[in-house]
Amino acid sequence: MEKKKCPQCKNLILKTSPTCLYCGRPNKFITKKYVNKKWNEDNNENVFDYIFINKYFLFILLLIITIVIIKLN
């Protein structure tokens, strides 16, 4: 791993780290694109499937409750 000196505190930090571990100075400009690339790349499918399954479950549950209420009347 390549290291460089932090311009603020002069400690060695990795070039790939987003901030200095010692003083907290940003090493890179943290943008929405950077955050999405780092964190949301692997989780997009899981979040979509989770939301989609819950909507279908709620719809089926409402349908069953409606049918039971109609049958009881």
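Me: Ground rule first: buried means under 20% relative accessible area, exposed means over 50%, and partly exposed is in between. So where does K15 fall: buried, partly exposed or exposed?

Reply: K15 counts as partly exposed, because its relative accessibility is 43%. Keep in mind that this is a predicted model.

Me: OK, how confident is the predictor, then? What's the mean pLDDT of the chain?

Reply: The mean pLDDT is 79, and 74% of the residues in the chain reach 70 or more.

Me: Which elements have the lowest and highest mean pLDDT?

Reply: Helix α1 is the lowest among the elements of the chain, with a mean of 71, and strand β2 is the highest, at 90. Where pLDDT is low, the predicted coordinates should not be read in detail.

Me: And the layout? What pattern does the chain follow along the sequence?

Reply: Going along the sequence, you read β-β-α-α. That comes to 2 helices and 2 strands.

Me: Back to K15. Which side chain does K15 meet in a salt bridge?

Reply: That would be E2, with the side chains at 3.2 Å, N to O. E2 sits in the segment before β1 (3–5), while K15 is in the loop between β2 (12–14) and α1 (32–40), so the pair ties together parts that are 13 residues apart in sequence.

Me: Is E2 buried or exposed?

Reply: Exposed, because its relative accessible area is 55%.

Me: How many salt bridges does the count come to?

Reply: The count is 1 salt bridge.

Me: Switching to S17. Where is S17, and is it buried or exposed?

Reply: S17 is in the loop between β2 and α1. With a relative accessible area of 15%, S17 is buried.

Me: What does the S17 side chain reach?

Reply: Two backbone oxygens: the one of L14 at 2.9 Å, and the one of T19 at 3.4 Å.

Me: Now cysteines. How many disulfides does the structure hold?

Reply: It holds 0 disulfides. C6, for one, is in no disulfide; the nearest cysteine sulfur, that of C23, is 3.7 Å away.

Me: Why is there no bond for C23 with its closest cysteine sulfur?

Reply: The closest cysteine sulfur to that of C23 is in C20, at 3.7 Å, and that is too far for a bond. The cut-off for a disulfide is sulfur atoms within 2.5 Å.

Me: How do C6, C20 and C23 come out on burial: buried, partly exposed or exposed?

Reply: C6 counts as buried, at 2% relative accessibility. C20 is buried too, with a relative accessible area of 3%. C23 counts as partly exposed because its relative accessibility is 33%.

Me: Where does C20 lie, and how far apart are C20 and K5 in space?

Reply: C20 lies in the loop between β2 and α1. C20 and K5 are 9.4 Å apart, C-alpha to C-alpha, and 15 residues apart in sequence.

Me: What share of the chain counts as buried overall?

Reply: 8% of the 73 residues count as buried.

Me: Last topic, the surface. Which residues make the nonpolar patch?

Reply: Y56, F59, I60, L63, I64, I67, V68 and L72 make it, and the patch is about 830 Å².

Me: Take F59. Which helix is it in, and is F59 buried or exposed?

Reply: F59 is in helix α2, residues 44–72. F59 counts as exposed because its relative accessibility is 54%.

Conventions: Residues are numbered from 1 along each chain as its sequence is written. This is a predicted model: local features need pLDDT of at least 70, side-chain atom pairs count only at pLDDT 80 or more; totals for chains, interfaces and linings use all residues. Side-chain values use heavy atoms; hydrogens and water are left out. Patches are made of residues with over 30% relative accessible area and no salt bridge: like charges are joined within 9 Å, nonpolar side chains (Val, Leu, Ile, Met, Phe, Trp, Tyr) within 5 Å. Accessible areas come from the Shrake-Rupley method with a 1.4 Å probe; for residues, only the protein chains shown count as cover. A salt bridge is a side-chain nitrogen of Lys or Arg within 4 Å of a carboxyl oxygen of Asp or Glu. Helices (H or I, at least four residues) and strands (E, at least two) are DSSP runs, numbered from the N terminus. Buried means under 20% relative accessible area, exposed over 50%, partly exposed in between (1.4 Å probe, protein chains only). A polar contact is a pair of N or O atoms within 3.5 Å; within protein, one must be able to donate a hydrogen and the other to accept it, and residues adjacent in sequence count only if both atoms are side-chain atoms. pLDDT is the predictor's confidence in each residue, from 0 to 100.
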